[in-house]
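These are my notebook entries on a structure that I looked up part by part. I wished to record what is covered, what pairs with what, and how the chains are related.

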2 protein chains.
Amino acid sequence: DSERVILRVRELENELIKCKQKRCTAITRIEKMSAEVVDSNPYSRLMALKRMGIVEDYEKIRTFTVAVVGVGGVGSVTAEMLTRCGIGKLLLFDYDKVELANMNRLFFQPHQAGLSKVEAAEHTLRSINPDVQFEIHNYNITTMSNFAHFMDRISHGALEEGKAVDLVLCCVDNFEARMAINAACNELGQIWMESGVSENAVSGHIQLIIPGETACFACAPPLVVAANIDEKTLKREGVCAASLPTTMGVVAGILVQNVLKYLLKFGTVSHYLGYNAMQDFFPTMAMKANPTCDDPHCKKQQENYKVIDQAEQPKDVAKTPEELPAVHEDNDWGIELVSEQTDDELKAASGPVPDLPEGITVAYTIPGGENGASGETVEETEQSLEELMAKMRKM
Amino acid sequence: DSERVILRVRELENELIKCKQKRCTAITRIEKMSAEVVDSNPYSRLMALKRMGIVEDYEKIRTFTVAVVGVGGVGSVTAEMLTRCGIGKLLLFDYDKVELANMNRLFFQPHQAGLSKVEAAEHTLRSINPDVQFEIHNYNITTMSNFAHFMDRISHGALEEGKAVDLVLCCVDNFEARMAINAACNELGQIWMESGVSENAVSGHIQLIIPGETACFACAPPLVVAANIDEKTLKREGVCAASLPTTMGVVAGILVQNVLKYLLKFGTVSHYLGYNAMQDFFPTMAMKANPTCDDPHCKKQQENYKVIDQAEQPKDVAKTPEELPAVHEDNDWGIELVSEQTDDELKAASGPVPDLPEGITVAYTIPGGENGASGETVEETEQSLEELMAKMRKM
């Protein structure tokens, strides 16, 4: 009898070892990226970019830090792509939990349902590439104290602690969080990229925002193809936004491709790239900062940019954090969410619609605050936008 | 002592249960897709496509069968997207094993290194969505006996056994496999989609091929942005093709988006859509079948198409398998791989290069066979291609 028990112990021990081996990472950290072409080298296909003449110094990827805000349909795939590319460090911000209702997008798996998105993501990403450093924050960046902490981490949380991250990626699904990232990056002079997918799941976009140089998120009425509806709001009414793994995958792909081009200095980084899935149409455009932008930090960055631009200094200098007093405590952006408008409603609500390139339309109007000056503000914004667009076309 | 052993047994049993639970699927099969907006419904975001007016009958997705040939950087993500969308059945074909060198692309994880790609993929995909049926084939479709089996499965392996699959997706990394799929689909009149990524990792494309109607893979010199180099060949010399998860993700995304548009009848299905990652440029074009195509099954399909087209019958009829004798036993496509050519070399080698839209160039020339008639054949092909392009522009 005791013999049978001992046999059972051995059996169980062996089974457990096998089970754990299957779950454990079969990969160890490396010191230096190798270009050696062997099946066991996870970087051979990336280092080949050097031999092919695409990227001059691929290893430099390990020195960069990127913050991903929102780890949903676009953010999770974005984080996975950067992880597989061997990015130095990733900061992940999200306050949501994984749900089975997320399974129609890539990355999360059913067994992770109930876990926080950042924790589940970190676990998967670490097992994919242990060479990447992760810092996760399971909170909503739009509350006062979290926003301050978020500002602190993007300005000090790089691989070399104390330094600012190289890029902030906005992969959130609501307007308020986008405006929070916009405010933070304007204040810090932090370059960032916006991304979004429409609530009908068939269009999306990415946008590069260089504070002071290109239009910030408050400079212009947000352009279409952004999912500016908070899913939580929709849920209450028993409806939800549609989403597709295809659209999300394409948007994450063009986003991270532009991140790689920006960080590793190859190709042309797009200022704005849209994706219309119904027609396979990809509109592009560029838009300068709006001199009458409501965000004082944006205006201040614009003044700095003019000085820098005239002195013909390298553009990196624009990244130096500004000494402006923080205004984010006010939290009064005065912008409300207006969704599912028809083209006619949009035109009626926003006055003259800016003359945008084919395939790009305004997603939201900026309704006036309660001070009555709103009509004017909208009018002014439209005016300067048109001027900017006209200038842009001449470029 | 025996008490300690019994305790140890219990301990191990508990640990094993926990370990297995973590690995097991937390999701069960469903009978009917629900549109209910609850966190536990994996289809709520997809069924919302109906409410949004994008897709008329999303549930129909469950009736379709798609074959994915090649489960690498593009094919694995393609299979995952279709699985998450709730496709009825997937047939996966590949003969490769997962290697750590694949970790720079999405989907496979380090702990799967050493497993066959189709087995590893099926395991992951089943745990993501148990509602999908899977059929995997761990073999190279280009050998004689496997090719016959491949033909049999795509013509009989649908959800309703005995019927043909609805679509074949080509996600392979070499020219020979593309030509095998082309030969099979021409013979069967099977509609398929081609996809490819360049060996420098910064361009890609998808192409819809309707036998007899649009240009098949043998109708024209393959267009650029196809990774027509077998990675195995490259490995031997200590070099390998570059690859990026971004480019692969974008190509898989636009591929599956067009699969969804084709199967669920919404939007416009692209005939050819390229992706130039350096410039974020997405060229599109359409090309009719070449009346002087080398593949006799293609010519036969073209005759059928003319008859059907004149009779204005629905195009689905073109899918009926043809009664032509099988020629695939010959295996003499007479096409060799010519890679890494400069534009000048291409022009010199292929004679007059067809007048293609901006951003699309010819990837390969078709060198002559040993029968001496090759020069003529190339000449003829170029000639008719130009005629076709001219006609296309008039459309």
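**Entry 1: Cysteines**

I began with B:Cys170, which is buried, its relative accessible area being 0%. I note at the outset that I am reading a predicted model.

Which cysteine sulfur is closest to that of B:Cys170, and how far away is it? I found it in B:Cys171, at 6.6 Å, which is too far for a bond.

I then turned to B:Cys219, which is buried as well, with a relative accessible area of 1%. For the sulfur of B:Cys219, the closest cysteine sulfur belongs to B:Cys298 and lies 3.6 Å away. A disulfide requires the two sulfur atoms to be within 2.5 Å, and the distance of 3.6 Å between B:Cys219 and B:Cys298 is therefore too far for a bond. Over all chains, I count zero disulfides in the structure.

**Entry 2: The sheet of chain B**

I next traced the strands of chain B. Eight of them make an open sheet in the order E3-E2-E1-E4-E5-E6-E7-E8, and the pairing is mixed. The edges are formed by strand E3 (133-137) and strand E8 (284-285) of chain B, each of which pairs on one side only.

I chose strand E6 of chain B, residues 203-209, for a closer look. Is this strand buried or exposed? Seven of its seven residues are buried, so the strand is largely enclosed by the rest of the structure. I checked both faces of E6(B) and found them covered. On one side I recorded B:Ser203, B:His205, B:Gln207 and B:Ile209 as buried. On the other side, B:Gly204, B:Ile206 and B:Leu208 are buried too.

I then looked up the neighbours of E6(B). Strand E5 of chain B (residues 192-197) pairs with E6(B) in the antiparallel sense, over six bridges. Within this pairing, B:Glu194 has B:Gln207 as its bridge partner, and B:Gly196 stands opposite B:His205. The two strands E5(B) and E6(B) form a hairpin, with five residues between them. In the turn, B:Ala201 has a positive phi of about 75 degrees.

Strand E7 of chain B (residues 272-276) also runs antiparallel to E6(B), and five bridges join the two. Here I noted that B:His205 has B:Gly274 as its bridge partner in E7(B). B:His205 thus appears twice in my entry: opposite B:Gly196 and as the bridge partner of B:Gly274.

**Entry 3: B:Ser155**

I looked up B:Ser155, which has its place in helix H5 of chain B, residues 144-156. Its relative accessible area is 14%; the cut-off for buried is under 20%, so B:Ser155 counts as buried. A polar atom of the B:Ser155 side chain lies 2.6 Å from the backbone oxygen of B:Met151. Leaving aside residues up to four places away in sequence, I found that B:Ser155 touches B:Gly162, B:Lys163, B:Ala164 and B:Leu188.

**Entry 4: Chain A**

For chain A, I recorded 11 helices and eight strands. Of its 395 residues, 57% are buried. Chain A exposes about 16,600 Å², and carbon and sulfur atoms supply 50% of that area. Of the contacts in chain A between residues at least 6 apart in sequence, I found that 69% join residues at least 24 apart.

I examined helix H2 of chain A (residues 44-51), which is mostly covered, with six of its eight residues buried. The buried residues of H2(A) are A:Ser44, A:Arg45, A:Leu46, A:Met47, A:Ala48 and A:Leu49. Just after H2(A), I noted a positive phi of about 80 degrees at A:Gly53.

In strand E2 of chain A (residues 89-93), five of five residues are buried. A:Lys89, A:Leu91 and A:Phe93 point one way from E2(A), while A:Leu90 and A:Leu92 point the other way. Strand E1 of chain A (residues 65-69) runs parallel to E2(A), joined by five bridges, and A:Val68 stands opposite A:Leu92.

**Entry 5: The two chains**

Finally, I asked what rotation superposes chain A on chain B. The answer is 180 degrees, with 0.3 Å of shift along the axis and an RMSD of 0.6 Å. That is the relation of a two-fold axis. The same surface serves both copies, since 100% of the contact residues of chain A recur in chain B. Of the residues of chain A, A:Val250 comes closest to the rotation axis, with its C-alpha at 2.3 Å.

How values were computed:
Residues numbered from 1 in each chain as written. Chains lettered and ligands numbered in written order. Predicted model: local features only at pLDDT ≥ 70, side-chain atom pairs only at ≥ 80, totals over all residues. Heavy atoms only, no water. Buried < 20%, exposed > 50% of the residue type's maximum accessible area, 1.4 Å probe, protein only. Helix = DSSP H or I, 4+ residues; strand = E, 2+ residues; numbered from the N terminus. Pairing = 2+ DSSP bridges. Contact = heavy atoms within 4.5 Å. Areas by Shrake-Rupley, 256 points an atom, 1.4 Å probe, with all protein chains shown as cover. Least-squares fit on C-alpha atoms with pLDDT ≥ 70 in both. Polar contact = N/O pair within 3.5 Å; in protein donor to acceptor, adjacent residues only side chain to side chain.
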